[in-house]
Amino acid sequence: MLDTKQNIGDFTAPQALDPWKGIKRIAREEYFTSGHRTCQGCESAQVMRLLAKAAGPRTIVLGSTGCMYVANTSYYCTPWALPWMHTQLGSSGSAAVGTAAGLQALMRKGKMTKEPINVIGVCGDGGGADMGLSAISAAMLHSEYNLLIMMYDNESYANTDIQTSGSSPYGSHTSFSPPGKAHRIMNKHWKKNTAAMIAAGHPECKYVATVVSTNPLDTLNAVRRALSIGGPTFIHSLDPCPKGWDYDPRYSHEIGELAVATGIWPLYEIEDRKIKLYGETKRIAEGKLKRKPVEDYLMRQGRFAHFNKDDIAYVQAKVDAMWQSWVIPGVLPFAAADGAAGTK
Amino acid sequence: MSIAEVARPAAAPVPVAKRGETEALVSGSEAVAHALRLADVDVITAYPIRPYDTVMQYVSKLIADGEFDCDFIVAESEHSQFEVAKHASAVGARAFCGSSGVGWLYAFEAIAVTAGLRLPLVAMVGNRALDDPGAFGTEHNDALAVRDLGWLLCWVDTAQEALDTTLIAYRVAEDHRVFLPCAINCDGAFLTHSQAIVKLPSKQLVDSFLPRYDRGDKRLHPDNPVTIAPQVNEDWLMEMRRQNDLAARHSRDVLIEAYADFNAKFGRGGEPFIERYMMDDAEVALVGMGTLAMPVRVAVRNLRKQGKKVGFVRIRWFRPFPSPELQEALAGVKAVGVIDRDYAFGSPLMGGVLATDVRSALYPAKNRPKVVSFIAGLGGREISTDNVMDMANTLLDAAGGGKVEEQDSYWYGVRE
């Protein structure tokens with residue numbers, strides 16, 4: 001049985017995918033099944049499963065190069081029960097636009113049965129925050145198409161050997177930023193703020209969310225909301241990665257929880273230009289929950305094992321600043337200068 | 001290789017009045033835009049670079065005026081432009097894009113995978129010199145860079161041929177025996193921006209020649225939940241490469257069929273792979289691609305007036321390469337001069353790309369002629385009739401037993 005309410009005839013409208021209120025309401029059907037070859041404890045594979053389940057059967061998925069291609073989607077044992085096509089590393093945005101444009105043109109011209117079909121472009125942080133940023137930015141301008149870009153962020157080029165990406169956190173040990181005798185910290189940049197950048201820079205993008213698969217219900221409903229609201233939408237998922245982050249696979253969910261609890265990974269939805277914090281992030285912002293020290297998160301992972309007290313203090317100070325001095329805590333890092341024209 | 005019979009045109013002109021054709025003064029780029037309208041293309045992607053992008057200016061105007069219904073997407077780079085078109089093609093939409101010079105190379109990754117995926121995208125290349133240093137003029141190295149990947153590559157000479165070949169390109173590329181992308185090469189400025197009277201066929205006539213694009217069981221759609229291009233590694237890649245090889249071979253037969261049908265329905269079109277000019281009794285022959293045909297034909301006529309038996313073969317399809325046709329057409333001549341509007345630095349005999357392939361194609365021929373490489377017209381520099389007459393005289397000397405350099409190339413029009 002289809003779990004989608006289809007607007008047959010009005011193919012330009014998005015599908016109406018109501019939120020699932022409670023885990024007992026989640027559809028039982030799986031569209032991402034056995035056959036993938038990802039690592040034990042891989043949270044990105046879990047995100048793919050949730051993504052496919054939330055979207056339902058009338059969906060096309062375009063997967064750019066990365067873990068969810070190379071390790072996940074192999075010839076003769078594909079895990080995808082949805083139509084799936086590979087796209088190049090920097091092309092998740094272009095693939096989604098091309099697919100949506102092709103469908104819309106064919107339906108408008110009477111060459112294909114009219115129906116709303118979900119189009120989802122999937123990319124990792126290398127494919128999204130780095131190489132594919134330009135194409136995703138272009139995709140976010142296409143208000144005439146309904147498409148979702150899902151960026152699964154495991155904070156490195158995890159498929160190719162854990163190399164530094166624009167999403168790798170400060171100081172993390174990757175195969176391109178190994179701590180050495182002369183330089184303890186090789187990766188000196190602070191992680192790119194991708195979701196907020198997409199939201200701030202693309203006024204036609206009606207929905208941007210950050211998720212962590214530790215909260216499956218929120219992740220499922222973010223996908224369903226993005227697909228229902230229509231136009232170009234974007235979800236950024238933080239995916240703990242046992243191989244790249246160097247911890248026992250059994251702790252993937254726990255580390256995802258700590259990312260939120262320490263305030264390093266704020267959970268929010270931006271819908272129609274209004275931001276809404278959710279989950280533990282909301283309670284932290286409301287003062288109902290105290291942020292845990294970042295040390296609790298960092299020291300659980302081998303990629304930060306070389307950190308000394310100064311390094312931990314540096315990260316703590318940066319995270320504190322995210323919460324104390326950013327105009328929207330954890331989201332928007334700039335405010336009007338005092339006395340600037342047009343500001344309060 | 002299964003070498004098909006050498007195809008000669010079936011000339012049976014159909015009266016113009018019966019075909020509902022109109023005539024218009026249009027440039028090569030505008031002629032291609034009309035072909036796209038007539039082919040009812042579904043998705044077109046654009047990005048600006050001179051000189052190809054004039055086709056996109058005409059396309060956007062046709063759409064704005066309500067004469068053409070397609071999704072027209074202005075991408076943010078050539079890479080995205082080609083990727084968007086590629087994915088539209090995968091869901092069954094007839095797609096078009098194009099580029100020039102370094103823009104084509106910016107899209108190289110997408111261009112490579114489009115052939116690997118067997119997607120019948122049609123593109124126009126407005127041939128342009130590769131930067132650096134910057135130059136707008138024509139050179140063929142942009143499109144030639146993809147010659148080994150499975151793209152079908154043709155070079156056209158006139159606006160009429162540009163229009164006709166675009167229609168033929170869709171028919172051949174979308175044939176299930178082929179399913180390969182095709183690039184129509186138009187020399188920058190000389191063809192993209194030069195106007196000529198062109199016959200614009202009726203939609204009805206085009207429909208009788210060009211069936212709808214049917215992606216069949218490879219269409220990406222929820223009713224057909226296939227996984228396209230998963231990771232295969234060494235387990236399967238070689239079998240897939242072999243399938244692409246077979247597709248490229250099949251394109252020969254499909255091209256022959258398409259030209260026969262085009263000639264029958266449109267009353268024009270000519271021979272599929274090459275154009276022969278005054279070749280029947282030629283002792284020496286010039287060979288080239290694209291708009292250099294004009295000064296070459298003039299030079300050949302001038303030489304004929306002097307009693308010199310010179311002919312010209314214009315190569316229309318570079319991939320698949322017309323080896324059987326060249327072996328047959330050039331079998332009787334004593335010397336062949338290949339004029340390349342490209343370069344191949346450090347190549348086997350320091351000649352152009354085309355000269356290298358022509359020499360290779362003629363190697364197994366009986367009585368193979370001497371093959372001489374001429375490099376001319378780079379960066380859009382004019383190839384004069386004097387240049388061509390000098391080339392032909394060099395060949396005639398060689399045919400008469402004179403010495404000619406076969407192990408190097410002759411560069412024409414270089415200031416020393």
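Student: Which strand of chain B do bridges join to β2(A)?

Tutor: Happy to start there! Strands are DSSP runs of E with at least two residues, helices are runs of H or I with at least four, and both are numbered from the N terminus. Two strands pair if DSSP finds at least two bridges between them. Here 2 bridges link β2(A) with a parallel partner, residues 227-228 of chain B, strand β9.

Student: What kind of model is this?

Tutor: Residues are numbered from 1 along each chain as its sequence is written, while chains are lettered from A and ligands numbered from 1 in the order in which they are written. Local features need pLDDT of at least 70, side-chain atom pairs count only at pLDDT 80 or more, and totals for chains, interfaces and linings use all residues, as this is a predicted model.

Student: Which residue of β9(B) stands opposite Met85(A)?

Tutor: Look at the strand β9(B), which runs parallel to β2(A). Opposite Met85(A) you will find Ile228(B).

Student: Which element supplies the largest share of the side of chain A that touches chain B?

Tutor: Residues are in contact if their C-beta atoms, placed from the backbone, lie within 7 Å. The contact takes 40 residues from chain A and 37 residues from chain B. β1, α2, β2, α3 and α5 of chain A each supply at least two residues of chain A's side. The largest share, 11 residues, comes from α3(A).

Student: Why does α9(A) count as largely enclosed by the rest of the structure?

Tutor: A residue is buried with 20 or more other C-beta atoms within 10 Å of its own, exposed with 12 or fewer, and partly exposed in between, with C-beta atoms placed from the backbone. Its buried residues pack against elements of chain A including α1, β5 and β6. Helix α9(A) is largely enclosed because its buried residues number 8 of the 10.

Student: Where do the buried residues of α6(B) lie around its axis?

Tutor: The buried ones are Ala110(B), Ile111(B), Thr114(B) and Ala115(B). They cover an arc (from the directions from the helix axis to the C-beta atoms) of only 135°, so they lie on the same side of α6(B).

Student: At what angle do α4(B) and α6(B) pack?

Tutor: Axes are lines fitted to C-alpha atoms, for helices over the stretch in contact, and angles run from 0 to 180 degrees between N-to-C directions. Angles under 35 degrees count as roughly parallel, over 145 as roughly antiparallel, 65 to 115 as roughly perpendicular and the rest as oblique. The axes of α4(B) and α6(B) are 8 Å apart, and their angle is about 20°.

Methods: Contact = placed C-beta atoms within 7 Å.
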